[in-house]
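Open the structure in your viewer and keep the selection tool at hand. We will go stop by stop.

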Amino acid sequence: MSFASSEREKLGALLLELGPDAPTLLDGWRTRDLAAHLYVREQRLPWIAGAFVQALAKGLDREMEAAKRRPYEEVVADWLSGANPVVSALFGPANEGEHFIHHEDVRRAQENPEPRELSAATQAKLLKLAKRYGKMTLRKAPVPVILTPEHLPPVTLGERAGVADKGNRVVRVFGAPAELLLWVTGRTSAAQVRVDGADLLAGYDITLG
């Protein structure tokens, strides 16, 4: 089973266990909202593009509301059944990050969450994902950001800003790759990381937008 498929199954099981009204890390979203997002993303093309294309935004809102009106367990089950072939071709490579991040969005919003024990191979995969997402979320960062995991090479993001002559106008983020991935995707309060030079990013919004 692939990592994306494994995370899909674990997230689906957790959504069903918690029910539709559990909190998530996503502002204003309960588990019902997240389940609707996952379903619409894979089953209701082209409307999911409304997240990026203004002309489709109303259609996306309509599809989300329709999914939230359906029985919650049915929506989760439909998502667990997998995407259609066209969507799999479009989103398959992105599902590793999508499923892991949203799994943590649910896990870490519950009481006393703890980071999962993950293999070295999985952590290496998550570091690659952190680099991929970080290139988007930190592309306009005012200073370079260096992700510094233990036992793996550091990753420098936001290099467009350059490094000061003394090399000290950089932000260094220390943590396990899973935590770094959550941090670069805006889950900064939930990610268990240490940030040196955080003041240099004051006012910068780390999001996928």
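Start at A94. This residue sits in the loop between α5 (85-91) and α6 (95-107). Keep in mind that the model is predicted. Is A94 buried, partly exposed or exposed? A94 has a relative accessible area of 31%, so it counts as partly exposed. The limits behind that word are 20% and 50%: buried lies under the lower one and exposed lies over the upper one.

Now add R41 and Y133 to the selection. A94 touches both, leaving aside residues up to four places away in sequence. Next, pick A4. A4 and A94 are 90 residues apart along the chain, yet their C-alpha atoms are separated by 8.8 Å.

Zoom out to the whole chain. Colour it by secondary structure. The chain has eight helices and four strands. Follow the elements from the N terminus: the order is α-α-α-α-α-α-α-β-β-β-α-β. Seven α entries thus open the run, then come three β, one α and one β.

Stay with the full view a moment. The chain has 209 residues, and 44% of them are buried. Take the contacts between residues with a separation of 6 or more: 67% of these join residues 24 or more positions apart. Switch on the surface. Its accessible area comes to about 11,100 Å², and carbon and sulfur atoms hold 52% of it.

Hide the surface and go inside. Select L138, V145, L147, L181, W183 and V184. These belong to the largest nonpolar core, a set of 27 residues, and they touch the most other members. Which elements give two or more residues to this core? They are α6, α7 (120-137), β1 (145-148), β2 (155-157), β3 (171-174) and α8 (177-184). Highlight α8: it gives the most, with six residues.

Move to the loop between α6 and α7, and select N112 there. Check the backbone. N112 is not a glycine, yet its phi is positive, near 50°. N112 counts as exposed because its relative accessibility is 65%, and the cut-off for that class is over 50%.

A second residue of this kind comes next. Select H151, in the loop between β1 and β2. H151 is not a glycine either, and its phi is positive at about 75°. Its relative accessible area is 75%, so H151 is exposed.

Keep H151 selected, for it also lines the second largest pocket. Add the other lining residues: R116, E117, L118, A120, Q123, E150, L152, A176 and P177. What is the volume of this pocket? It is about 170 Å³. Colour the lining by class. You will find five nonpolar, two polar and three charged residues.

For the last stop, go past β4 (194-196). Select T207, in the segment after that strand. At 28% relative accessibility, T207 is partly exposed. Now pick M136 and draw a distance between the two C-alpha atoms. T207 and M136 are 8.4 Å apart in space, with their positions 71 residues apart in sequence.

Note on methods: Residues are numbered from 1 along each chain as its sequence is written. This is a predicted model: local features need pLDDT of at least 70, side-chain atom pairs count only at pLDDT 80 or more; totals for chains, interfaces and linings use all residues. Side-chain values use heavy atoms; hydrogens and water are left out. On a 1 Å grid over the protein atoms alone, a cavity is a set of points where a 1.4 Å probe fits but cannot get out, and a pocket is an open set with protein on both sides within 12 Å along at least five of seven lines; lining residues have an atom within 4 Å of a point. Grid points are joined across faces, edges and corners, and a volume is the space filled by probe spheres set on the points. Ala, Val, Leu, Ile, Met, Phe, Trp, Tyr, Cys and Pro count as nonpolar, Asp, Glu, Lys and Arg as charged, and the others, Gly among them, as polar. Buried means under 20% relative accessible area, exposed over 50%, partly exposed in between (1.4 Å probe, protein chains only). Contact means heavy atoms within 4.5 Å. Accessible areas come from the Shrake-Rupley method with a 1.4 Å probe; for residues, only the protein chains shown count as cover. A nonpolar core is a set of buried Ala, Val, Leu, Ile, Met, Phe, Trp, Tyr and Cys residues joined through side-chain atoms within 4.5 Å.
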